[in-house]
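Thanks for coming, everyone. Let me put one structure on the screen and walk you through it.

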Amino acid sequence: MPGMKVYITEEKELIMEPVIKWAANPNITVAVKAFGLKATAQVIDLQIFASPRITLKPLVPTFPCFAKIYVSLMEKPHVDFGLKLLGADAMSIPGLYRFVQEIIKDQVASMYLWPKTLEVQILDPSKAMKRPVGILNVTVVKAMKLKKTDLLGLSDPYVKLKIVNEKPSTKKTTVKHKNLNPEWNEEFSFVVKDPETQVLKFSVYDWEQVGSHEKMGVNIVPLKDLIPDEPKVLTLELLKNLKPDDAQNEKARGQLVLEVMYKAFNDEDLANGANESNTVEKAPDGTPDGGGMLVVIVHEGQDLEGKHHTNPSVRMLFRGEERRTKVVKKNRDPRWEEEFQFVLEEPPVNDRIHVEVVSTSKRMGLRHPKETLGYVDVYLADVINNKRINERYHLIDSKNGRLQIELQWRTAS
């Protein structure tokens, strides 16, 4: 690809016009029919020159940051090739070369020669454009009458909670060792984008020091069943799975007690959330008094390098919570553009967030499936004082690796 033009318009779109040149000697066999004759021929010395227009739109706040790809050709592509027929050059037949080449050009160009376009949907635009409309506060109170899973007749339960189809949103309680009636009283907050369709899912697991953790039960809370600003105490039966007709769900597995309250944003909060300038938005209504929302945006990495593989992702640790970006395979300069939110009761002036770049590989037999590519500890006092910082950090334990992170502290005032 020798060059590319990039256009940024007033619309929520990105337009690229690359010049593509491709040459190969492929193993392609085709059936040729011309002038009443039929024959089998091999394509040789294939060359393609094309000038496509690639439009990414609409641009959205959800990774990969665009909902659809539109591809069109600005002009007919140039296609050059040869055909071998029974050891001879079939293109030596007078007029056959131009005849076949023009047919191929017309067939390719007719599919999406501008203004016709090939449309590929990546995300559902209606869902990708949705912004937060409220906060769900959840307190995991306790579990009762959990079933024994260990040989000694006890279990080590903990609870995982998440908003279904919202990433990243999984949170979990601490582990209560050797207890079938554990009490947690631990609070969690989730950002809600569509209370009519979203569901809170919780799963109770038995913690194991070695091996996978056994699932003890699961259930859901549809957010549409909650009345805004009205606290609700729920005692929910643990099920084997979420299949409504499964007979295994009739077996008692224990109960989980939750306190939930959905706080909807008001119109002013939604208007502020729609502001896409570089200024820091206000925290939504329902944010704790004296507290705020810490927003971490992982932009991109540069010159990342592993000893055994470089499939980077970013892992964050903050106040016992872990968040992760997606994995970008075989890329030393990955771009994530992923946003993470932490709703806090007070400004984290004395806290820091640990940000680590890791590489993982699923190749069988690999001696080093996980590898650290560098890390940085970001102290949050500057974020609280300045409301926003956007820095490119040099990673510790990395030769040249750098990571660009933006942090914002949003308050209600």
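How many salt bridges does the count come to? It comes to 17. Keep in mind that we are looking at a predicted model. I will take some of those pairs one at a time, then the strands around them.

Start with Glu-119 and Lys-68. They form a salt bridge, and their closest N and O atoms are 2.9 Å apart. This pair links distant parts of the chain. Glu-119 is in strand β9, Lys-68 is in strand β6, residues 66-73, and 51 residues separate the two. Is each partner buried or exposed, or partly exposed? Glu-119 has 43% relative accessibility, so it counts as partly exposed. Lys-68 is at 16%. The cut-off for buried is under 20%, so Lys-68 counts as buried.

Stay on β9 for a moment. The strand covers residues 118-121, and Val-120 is in it. Val-120 has a relative accessibility of 35%, so it too counts as partly exposed. Now look at what Val-120 does with Leu-118 and Ile-122. Those three residues make a nonpolar surface patch of about 210 Å². So much for β9.

Next pair: Asp-303 and Arg-402. They form a salt bridge too, with the closest N and O atoms 3.2 Å apart. Where do they sit in the chain? Asp-303 is in the loop between β18, 292-302, and β19. Arg-402 is in strand β25, residues 402-410. The two are 99 residues apart, and the pair links distant parts of the chain. Asp-303 is partly exposed, because its relative accessible area is 27%.

Third pair: Arg-352 and Asp-377. Here the closest N and O atoms of the salt bridge are 3.8 Å apart. Arg-352 is in strand β22, Asp-377 is in strand β23, and the separation is 25 residues. Again, distant parts of the chain are linked. Arg-352 has a relative accessible area of 44%, so it is partly exposed. Asp-377, at 24%, is partly exposed as well. There is also a network. Glu-300, Arg-335, Glu-337 and Arg-392 are joined into one by salt bridges that share partners.

Now the backbone around that third pair. β22 and β23 pair in the antiparallel sense, over 9 bridges. Strand β23 runs from 370 to 379. Which residue in β23 is the bridge partner of Ile-353? That is Val-378. β22 also pairs with strand β19. β19 is residues 312-318, β22 is residues 352-360, and 6 bridges join them. They run antiparallel. Find Arg-315 there: its bridge partner in β22 is Glu-356.

Another sheet, please. This one is open, with 4 strands in the order β12-β11-β14-β15. The pairing is antiparallel. Why is one side of β12 and of β15 left without a neighbour in the sheet? Both stand at the edges, β12 at 171-172 and β15 at 214-222, and each has a single partner strand, so one side of each is left without a neighbour. For β12, look across to strand β11, residues 157-163. The two pair antiparallel over 2 bridges. Leu-161 stands opposite Lys-171 in β12.

One stop on a helix. Val-100 lies in α1, residues 96-112. Its relative accessible area is 16%, so Val-100 is buried. Take Phe-81 as a reference point. Val-100 and Phe-81 are 19 residues apart in sequence, and their C-alpha atoms are 10.0 Å apart in space.

Let me step back to the whole protein. The secondary structure comes to 4 helices and 25 strands. There are 413 residues, and 41% of them are buried. Among contacts with a separation of 6 or more, 62% are between residues 24 or more positions apart. The exposed surface is about 24,000 Å², and carbon and sulfur atoms supply 51% of that.

Last, confidence. The average pLDDT is 82, and 84% of the residues score at least 70. Where does the pLDDT fall below 50? Over residues 273-278. Beyond near neighbours in sequence, that stretch has 7 contacts in the model.

Notes. Residues numbered from 1 in each chain as written. Predicted model: local features only at pLDDT ≥ 70, side-chain atom pairs only at ≥ 80, totals over all residues. Heavy atoms only, no water. Buried < 20%, exposed > 50% of the residue type's maximum accessible area, 1.4 Å probe, protein only. Contact = heavy atoms within 4.5 Å. Areas by Shrake-Rupley, 256 points an atom, 1.4 Å probe, with all protein chains shown as cover. Patch = residues over 30% accessible without salt bridge, like charges linked within 9 Å, V, L, I, M, F, W, Y side chains within 5 Å. Salt bridge = Lys/Arg side-chain N within 4 Å of Asp/Glu carboxyl O. pLDDT = per-residue confidence, 0-100. Pairing = 2+ DSSP bridges.
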